[in-house]
Number of protein chains: 2
Amino acid sequence: MYRPQNLRIPGPTVVPQAVLAASARPLINHRGPEFAALMAALTRALQDFLRTQGDVLLLTSSGSGGMEAAVANTLSSGDRVLLFVNGAFGERFVAICKAYGVDARRIDVPLGRAVEPDLVREELAKEKGKDAAKAVLLQHNETSTGVLNPLREIAEVVREADRLLIVDSISGAGAAELEIDEWGVDVCVTASQKAWGAPPGIAIVSMSERAWKAYERSDLPKAYFDLGAYKAALEKGATPATPAVTVFIALQESLRLMAEEGLEAILRRHQNISRATRRGIQAVSLALFADEAHASPAVTAFRPPTRVDARNLIRVLRDDYDTIVAGGQGKLDGQLVRVGHMGFVTMTDMVAFFSALELALKDFNQPVEPGQAISAALRAYAEASAPAPRTRPAATVGSRR
Amino acid sequence: MYRPQNLRIPGPTVVPQAVLAASARPLINHRGPEFAALMAALTRALQDFLRTQGDVLLLTSSGSGGMEAAVANTLSSGDRVLLFVNGAFGERFVAICKAYGVDARRIDVPLGRAVEPDLVREELAKEKGKDAAKAVLLQHNETSTGVLNPLREIAEVVREADRLLIVDSISGAGAAELEIDEWGVDVCVTASQKAWGAPPGIAIVSMSERAWKAYERSDLPKAYFDLGAYKAALEKGATPATPAVTVFIALQESLRLMAEEGLEAILRRHQNISRATRRGIQAVSLALFADEAHASPAVTAFRPPTRVDARNLIRVLRDDYDTIVAGGQGKLDGQLVRVGHMGFVTMTDMVAFFSALELALKDFNQPVEPGQAISAALRAYAEASAPAPRTRPAATVGSRR
């Protein structure tokens, strides 16, 4: 039976048909001129979107592999770092630092709240003398809670203190504003299956000049994730080991679609859809998890109705309404529903999501009228979209199917 | 202009249309029941083909990532190991051990020759006392020279000496006989884009009980490549980080096609095509590089005609005859041509290769008659195929295009 899914997890995101088709092209030689041209095009496009002239390296791995590369290439055994944690991916940085013997001082922020620049300033002020923290690590967009940390302001504080800034923007880049060079982000990690709308398999890592200086001093073991080898190979249009060729081809196609829309329009679309999603959630009396002032443009987390286990709601959405959302991670398991709206998402996708949510809530005996969430979301979307010139409405409203 | 390529590098191999189409299916939730079913099916199929009841773990990385996982999960800092090197991928094991501070004693074997069991016995006999080598590392099929090491006999020697046996069978598994449990291979690495005929992006690592015991003692840093985390995640039908979902789907389809043919028939096809390839090469007076007694069923390396740089011959094959082969690696650059014949290769593919080679050799003023290599190859193929019952001729001779 044909039952198309509305894949609304915060990555892998929905991959457009054109991108899927590109990933089914015949294989090519990863050491030949075609692949070298592909690598050059990918690198240029990613530099454009990430707003950097620095190196952008493509690893065949998940985003977590990119996080590990960020740590292993810039830090040394026993180095002290400041690690701000406001969710499950902050925990992942903690685990990586621990595995490599990096002395990470973790500063926890309540889940659902952002890392505030003032907190970063205070904590950095405590770091003095020769054992002071060499680097600050944090998430740009914490996927597990739907919080967007104010990276621009945080980066300013870190620059003033002259420390290395290592950022996991796996689910942020391409969905939220990010100016790698202007803000001074030294290492930034993202991944193909998030806002880039390609299949998973590629971690994307940017390296600043400062980051390369740290690389020269780094003594942590690295082989597959040795970014120096990626840089050297890229100069010959290749990768150190066999890359996920079909995913690379797909990513080029998704970057082409993104270039057609333009970065500014993409970011505005994410903001508008994100705001509309929050208004829709609230319209059916569900509680948003993230601080509204720092709500993510990529993913929205909300609590299920009182006395409903989120896992059950998620199961009904999946089994009865073919709508695939994510739950809470770690200690938030059972307490959260997370709906992704990054990448090639349209308002139509969110209308489909809300129609499923309304019906599922009904099944849990919630007092929900058909169209209640949808109307609120569409109203918010219309208001948000109004001021901006509607030059490409087809890119944001309309069905792919 | 439509110019289909004959991709004859030793991986990525040609991916059948059905497998490419599978990799273009819509994305699914990597933490949902569909993916769990996919993981279970992949694991079972790979255990069948690898002839093991042990754990088979799937990493989103190239095969080199799998080699690193093999080292990082079973060895400890300062551990002594014996590393047999007969090509570029042996050098890769050396580099990985060096990066992790593993004390690898390397034993070099002349390029083009196999690692002989007697050599392994002699070298192991020198390893006595508490600082004795804990493990033996080597390639099963050395892709860079086209040599198949006699793993069955080597494994017997290593088992007698009770050391850990870590094998890179990246380009061997699925093309050459390999009995992981029966022979006692503790860690075996292979990769999706080799004989498995899927796109690149997945490293496949098997772990024996002995290997897991070594894992418990291992102190090398590991996070992304922590095989314990893969085993724990697999029990829940998932992976620790986002996997290359589309490549996983493609691999399932290629394993389905392989199961239709059957392992025995697959191995016989590789042997027959490999032998036919060697006879074709010799028929146009080119010198095979590998010792005939240990010729690889997956890739054949040969020297270009006297006074012809292999790079030029490779370029003419590519630019004028749309035939993509590989060159020598490291110190063999310019001296070798390597033609891959692993995975879903048919004799027809090799006839196409030889037609290109004959024409290219003509361009280099070599005394070659049209059909000279092709007839010799087909003759050898017919002879080799004759004794075996020809139950599925369509699987070995016939065109995909």
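**Exercise 1. Determine which strand is joined to β13(A), and place both strands in their sheet.**

Solution. Two bridges connect β13(A) with β14(A), residues 337-340, and the two strands run antiparallel. Strands here are DSSP runs of E with at least two residues, helices are runs of H or I with at least four, and both are numbered from the N terminus. Two strands count as paired if DSSP finds at least two bridges between them. Within this pair, Gly327(A) stands opposite Val337(A) of β14(A). The next step is the sheet: three strands of chain A form an open sheet with antiparallel pairing, in the order β11-β14-β13. Its edge strands are β11 (299-302) and β13 (326-327) of chain A, each of which pairs on one side only.

The model is predicted: local features need pLDDT of at least 70 and side-chain atom pairs count only at pLDDT 80 or more, while totals for chains, interfaces and linings use all residues. Residues are numbered from 1 along each chain as its sequence is written, and chains are lettered from A and ligands numbered from 1 in the order in which they are written.

**Exercise 2. State which strands helix α11(A) lies across.**

Solution. Helix α11(A), residues 263-283, lies across β11 and β14 of chain A and runs at about 15° to β11(A). Axes are lines fitted to C-alpha atoms, for helices over the stretch in contact, and angles run from 0 to 180 degrees between N-to-C directions.

**Exercise 3. Describe how α11(B) and α13(B) cross.**

Solution. The axes of α11(B) (residues 263-283) and α13(B) (residues 347-363) come within 10 Å and cross at roughly 15°. The two helices are therefore roughly parallel to each other, a label for angles under 35 degrees. From α11(B), the contact is made by Ile273(B), Ala276(B), Thr277(B) and Gly280(B); from α13(B), by Met347(B), Met350(B) and Phe354(B). Contact requires C-beta atoms, placed from the backbone, to lie within 7 Å.

**Exercise 4. Characterise the contact between domain 1 and domain 2 of chain A.**

Solution. The domain assignment gives domain 1 as 6-12 + 261-396 and domain 2 as 17-259. Their C-alpha centres lie 27 Å apart. In the contact, 26 residues of domain 1 meet 31 residues of domain 2. On the domain 1 side, α11 and β11 of chain A are the elements that give two or more residues, and α11(A) gives the most, with four residues.

**Exercise 5. Identify the element with the largest share of the chain A side that touches chain B.**

Solution. Contact links 43 residues of chain A with 43 residues of chain B. The largest share of the chain A side, four residues, comes from α3(A).

Note on methods. Two residues are in contact if their C-beta atoms, placed from the backbone, lie within 7 Å. Angles under 35 degrees count as roughly parallel, over 145 as roughly antiparallel, 65 to 115 as roughly perpendicular and the rest as oblique. Domain bounds come from an automatic or database domain assignment.
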